[in-house]
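Work through the following exercises with the sequence and the model side by side, and try each task before reading its solution.

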Amino acid sequence: MEGDSLRLEEVTFRHRMSDPSRLKPWRTRPGPGVHSITLSLRPGEILGLVGPNGAGKTTLLRTIAGVLPIQNGKLMLTSSAKETQLDSDSLRNIVGHMPEQVRWQGRQSVEDALLELAEMRGASAKRVNGLLRLVGLGQRATAHLSDLSQGMRQRLTLAAALLGSPKFLLLDEPLNGLDPVAATAFVQLLHELKSKGVSIIISSHQVEGLEAITDRIALMHRGQLLANGTLAEIADSLELQPSIVVAGPGKLPDLAWCKHRVESESAQDTWTIRLEHSGVGLLPEFIERGIEVHSWNPKSPGIVELLCAATGMNIEEVGLEIASTAMLPHKSIGGEEE
């Protein structure tokens, strides 16, 4: 698809942390952030930015949006064979940023709230009305902000991010708090924007569900980019294969014979096990042993598995929260420790 692409080259931003001493009570030192991120966003592409809480996803989005300054590295815009380095002001003109949580509340109407933002962005009332229709809020223009559902609030936040007709759209955990119906509608809206040539980054702390939405995934941990590509490409580069999720009725059967089992779970009237990929051909043996199976499905590696393989750490060390404020280099995807 023709259009503009955005390229990050060794982009770094580190928050300042308090580090007082007796003589310098206001002294600070570099803290967590993002370190040497090199990544591209292609025209009309949806990129999934994935990592555990504290990985630096929000910091990276704010840096790309021009909210936080780039301390090292550069952001380049490529357009029709012309390449331009972007500063914070230039970024704000072409990037729309949707934060994770915007507290829309009060008796102000949806339309009036968006008109106030439009005035600051130099957008017209016609643009506001068009955006409300685009995000599915055309019939709710006069509704009070406090009367909106979570899904409607997310749509309004998206409309605000689109006010300046951005070429690039950054969404921080956009599906949080949405029920399945609202989430499906929101994803359909994103694909409509993609078809219009808008490039989108979706930040998320989970891989499940993103593979069907995104064209590529970028895996982050402790402020660093560990890998990017399709989920299959990343899993292949890390020598990971899908596991097999098997489910059946009744109590968990005797599986002492099965050497490929990774984990088991039993509820009141169903059981579920997960097999290593090497057990993909075991279905006939389950049947031969009289074990009733209702489903036999492949399951792509999740974020914890990807992080463990990419960092060389175990599950306890990786965790789902950042383990340290320090930014530690991790194992390269195919090589020695950095």
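The structure is a predicted model, and the exercises below move from strands to helices, cores and single residues.

**Exercise 1. Determine the strand order of the open sheet that contains S11, S12, S13 and S14, and identify its edge strands.**

Solution. Begin with the pairing of strand S13 (residues 270-275), which runs antiparallel to S12 and is joined to S12 by five bridges. One place to check this register is serine 266, which stands opposite tryptophan 271 in S13. Extending the pairing across the sheet gives four strands in the order S12-S13-S11-S14, with antiparallel pairing. The edge strands, each of which pairs on one side only, are strand S12 (261-266) and strand S14 (295-299). From one strand to the next, the twist averages 20°.

**Exercise 2. Describe the hairpin of S9 and S10 and the hairpin of S4 and S5, and find in each the residue with a positive phi.**

Solution. Take strand S9 (residues 216-221) and strand S10 (residues 224-229), which pair in the antiparallel sense over five bridges. Within this pairing, leucine 219 has alanine 227 in S10 as its bridge partner. Two residues lie between the strands of this hairpin, and arginine 222 takes a positive phi near 50°.

Turn next to S4, which pairs with strand S5 (residues 82-86) in the antiparallel sense over five bridges. Serine 79 has lysine 82 in S5 as its bridge partner. Here, too, two residues lie between the strands, and serine 80 in the turn has a positive phi of about 50°.

To complete the picture around S4, follow strand S4 (residues 72-79) to S1, with which S4 pairs in the antiparallel sense over six bridges. In that pairing, serine 5 stands opposite threonine 78 in S4.

**Exercise 3. Decide how helices H5 and H6 are oriented relative to each other, and list the residues through which they meet.**

Solution. Helix H5 (residues 150-161) and H6 pack at an angle of about 15°, and their axes are 11 Å apart. Angles under 35 degrees count as roughly parallel, and H5 and H6 are therefore roughly parallel to each other. The crossing of the two helices H5 and H6 is right-handed. On the H5 side the meeting residues are Gln154, Arg155 and Leu158, and on the H6 side they are Ala185, Phe186, Leu189, Leu190 and Leu193.

**Exercise 4. Place leucine 158 and threonine 157 in their surroundings, and relate leucine 158 to the largest nonpolar core.**

Solution. As background, nonpolar side chains tend to be buried together in soluble globular proteins. The largest nonpolar core in this model has 50 residues, and those with the most contacts inside it are Leu158, Leu169, Leu171 and Ile200. Helix H6 (residues 180-195) gives the most to this core, with six residues. Not counting residues up to four places away in sequence, leucine 158 touches Met98, Val135, Leu169, Leu171, Phe186, Leu189, Leu190 and Leu193. A second, separate core has 27 residues, among them Ile64, Leu86, Val95 and Leu170.

Now consider threonine 157, which lies in helix H5. Buried means under 20% relative accessible area, so threonine 157, at 5% relative accessibility, counts as buried. With residues up to four places away in sequence again left out, threonine 157 touches Met98, Pro99, Val102 and Trp104.

**Exercise 5. Compare the locations and accessibilities of glutamate 10 and glutamate 239, beginning with the phi of each.**

Solution. Most residues other than glycine have a negative phi. Glutamate 10, although not a glycine, has a positive phi of about 55°, and glutamate 239 likewise has a positive phi, near 60°. Glutamate 10 lies in strand S1 (residues 5-18), whereas glutamate 239 lies in the loop between helix H7 (231-237) and strand S11 (243-249). Glutamate 10 is partly exposed, with a relative accessible area of 44%, while glutamate 239 is exposed, with a relative accessible area of 74%.

**Exercise 6. Locate proline 25 and state how far proline 25 is from leucine 114 in sequence and in space.**

Solution. Proline 25 is found in the loop between S1 and strand S2 (28-41). With a relative accessible area of 43%, proline 25 is partly exposed. Proline 25 and leucine 114 are 89 residues apart in sequence, and their C-alpha atoms are 43 Å apart in space.

Definitions and conventions: Residues numbered from 1 in each chain as written. Predicted model: local features only at pLDDT ≥ 70, side-chain atom pairs only at ≥ 80, totals over all residues. Heavy atoms only, no water. Pairing = 2+ DSSP bridges. Axes fitted to C-alpha atoms, helices over the stretch in contact; angles between N-to-C directions. Core = buried A, V, L, I, M, F, W, Y, C linked by side-chain atoms within 4.5 Å. Buried < 20%, exposed > 50% of the residue type's maximum accessible area, 1.4 Å probe, protein only. Contact = heavy atoms within 4.5 Å. Parallel < 35°, antiparallel > 145°, perpendicular 65-115°, else oblique. Left-handed = near helix turned anticlockwise from the far one by under 90°.
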